[in-house]
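Biologist: Please take one part of this model and look at it closely. I would like the region where the chains meet, followed outward into what surrounds it.

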Amino acid sequence: MSKVKRLGCALLLIGITAVMVRSQDTAGEYVKPAEAVPTGKAPKMQVQLLNPGEPTKQYAVIFYQGDEVYSGLQEFAEKYHVTSAHFTAIGALDDATVGWFDPQRKMYKKIAINGQHELIGMSGDIALYQGRPVVHTHMVVGGPDGTTRAGHVLEAYASPTVEAMVTVDPATMRKRFDPATDLTLIDPALK
Amino acid sequence: MRWKQIEDEPKTFALIFETGDEIASLLAQFAAGQGLGGSSFKAIGALSYAQLGWFNWETKKYDPACVLAEQVELLSLIGDIALRDGEPQVHAHVVVGRSDGTAHGGHLLEARVRPTCELILTESPIHLQKKYDPETGIALIQV
């Protein structure tokens with residue numbers, strides 16, 4: 001192999017490595033909206049129906065130490081065949097990740113929230129996309145000095161508890177894929 | 001504080017607080033008076049004073065996170081009511097906004113209203129029970 005060819009190969013390798021490293025960085029810092037939610041991360045979650053027999057159902061969904069709240073809410077929605085719902089939650093967390101939607105990249109920038117925080121306010125909704133319930137939720141968390149951080153919830157680990165109060169409607173709300181943002185958006189007109 | 005029941009099913013109340021009202025104590029009084037035990041609520045308004053707590057995992061108590069003795073927007077107050085040994089326990093968290101738009105938040109310890117706070121509360125027929133949890137050493141809702 002000539003010197004020129006060897007140099008070319010070496011440069012190509014460096015280039016490939018650089019691209020791989022950069023894409024790994026991007027994968028670590030950004031997450032696509034459609035990424036699947038892992039299940040089974042809230043094994044202690046408990047659910048109680050608070051108004052049996054009524055068409056609009058009220059549930060208490062309670063999380064305990066170590067439960068991951070976002071995947072738990074998703075699991076609740078699937079198990080209880082939720083087609084439209086809204087909720088609020090309070091509690092406390094040890095470690096969480098929130099997202100900030102970057103419209104240029106069409107991805108959520110990951111923001112790590114490390115350590116013990118008050119879950120000051122979580123609110124969200126549940127609607128169907130391709131026949132399956134999708135949980136969409138935002139939260140504000142507070143540190144030991146009362147300063148706050150907030151964002152789109154990617155993961156949130158209960159410590160010691162999170163109390164979610166969920167109202168499940170008898171109606172169905174559907175989402176459609178929005179190519180401009182790569183997000184699934186609620187479209188009340190969708191049948 | 002004045003209140004009105006605005007719906008029978010689900011049983012829903014509007015609580016309107018006025019200047020000088022302290023939200024945590026009045027809400028606890030209202031819960032005891034109405035026999036509430038399975039409620040959720042949210043509110044917005046404005047405050048002249050707020051004391052916020054942060055749960056200290058080591059001591060299992062709320063440390064005072066910050067005291068704001070100034071006019072702030074009550075941007076969000078979210079909470080629930082469950083029973084412990086038959087008595088209603090109010091659990092509420094708040095986010096407040098200062099005059100420069102920055103936010104502070106935490107567990108509601110004390111909040112003095114100025115000029116108003118509008119709270120909507122929904123009570124369920126089935127009540128929630130708090131019990132001592134040996135793993136964490138505090139009382140948690142058990143269903």
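Modeller: What follows starts at the contact between the chains, goes through the shared core and a helix, and ends in the strands of the other chain.

The model is predicted, and its scores are ipTM 0.91 and pTM 0.88. For chain B the average pLDDT is 95, and 100% of the residues score at least 70.

At the contact, 29 residues of chain A meet 36 residues of chain B. On chain A, at least two residues each come from strand 2 (46-49), strand 3 (57-64), strand 4 (84-102), strand 5 (107-129), strand 6 (132-142) and strand 7 (148-168). Strand 7 of chain A gives the largest share of that side, five residues. By type, the side of chain A that touches chain B holds 12 nonpolar, 13 polar and four charged residues.

One residue of chain B shows the contact in detail. Ile141(B) lies in strand 9 (residues 138-142) of chain B. Its neighbours, leaving aside residues up to four places away in sequence, are Ala60(A), Ile62(A) and Glu163(A) from chain A, and Ala82(B), Leu128(B) and Lys130(B) from chain B. Ile141(B) counts as buried because 24 other C-beta atoms lie within 10 Å, and the cut-off for buried is 20 or more. Between Ile141(B) and Lys130(B) there are 4.1 Å from C-alpha to C-alpha, although the two are 11 residues apart in sequence.

Next comes the core. The largest nonpolar core has 79 residues, and those that touch the most other members are Val61(A), Leu119(A), Met139(A), Val141(A), Ala156(A) and Val94(B). Strand 7 of chain A supplies the largest share of this core, 10 residues. That strand also gives the largest share of the side of chain A that touches chain B.

Ala156(A) can be followed further. Not counting residues up to four places away in sequence, Ala156(A) touches Glu68(A), Val69(A), Tyr70(A), Leu93(A), Ala96(A), Leu119(A) and Met139(A). Two of these contacts, Val69(A) and Tyr70(A), are among the buried residues of helix 2 of chain A.

Helix 2 of chain A spans residues 69-79 and is mostly covered, with eight of its 11 residues buried. Besides Val69(A) and Tyr70(A), the buried residues there are Gly72(A), Leu73(A), Gln74(A), Glu75(A), Phe76(A) and Ala77(A). The cover over the buried residues of this helix includes strand 2, strand 3, strand 5, strand 6 and strand 7 of chain A. Just past the helix, His81(A) has a positive phi of about 50°.

The setting of these parts in chain A is as follows. Chain A has two helices and nine strands, in the order α-β-β-β-α-β-β-β-β-β-β from the N terminus. Of its 191 residues, 37% are buried. Among contacts in chain A with a separation of 6 or more, 66% are between residues 24 or more positions apart.

Chain B has one helix and nine strands, and their order from the N terminus is β-β-α-β-β-β-β-β-β-β. Buried residues are 40% of its 143 residues. Of the contacts in chain B between residues at least 6 apart in sequence, 64% join residues at least 24 apart. The radius of gyration of chain B is 15 Å, which agrees with the value near 15 Å for a compact globule of 143 residues. The C-alpha trace of chain B spans about 40 × 40 × 20 Å along its principal axes.

Two hairpins in chain B complete the picture. Strand 5 (residues 72-84) and strand 6 (residues 87-97) of chain B run antiparallel and are joined by 11 bridges. Within this pair, Leu83(B) is opposite Pro88(B) in strand 6 of chain B. The hairpin leaves two residues between the strands, and Asp85(B) in the turn takes a positive phi of about 50°. Strand 6 of chain B also pairs with strand 7 (residues 103-123) of chain B, antiparallel and over five bridges. There Gly97(B) has Ala103(B) in strand 7 of chain B as its bridge partner. This second hairpin has five residues between its strands, with Gly101(B) in the turn at a positive phi of about 85°.

Conventions:
Residues numbered from 1 in each chain as written. Chains lettered and ligands numbered in written order. Predicted model: local features only at pLDDT ≥ 70, side-chain atom pairs only at ≥ 80, totals over all residues. Contact = placed C-beta atoms within 7 Å. Helix = DSSP H or I, 4+ residues; strand = E, 2+ residues; numbered from the N terminus. Nonpolar A, V, L, I, M, F, W, Y, C, P; charged D, E, K, R; others polar. Core = buried A, V, L, I, M, F, W, Y, C linked by C-beta atoms within 7 Å. Buried ≥ 20, exposed ≤ 12 C-beta atoms within 10 Å, placed from the backbone. pLDDT = per-residue confidence, 0-100. Rg over C-alpha atoms; globule rule 2.2 N^0.38 Å. Pairing = 2+ DSSP bridges.
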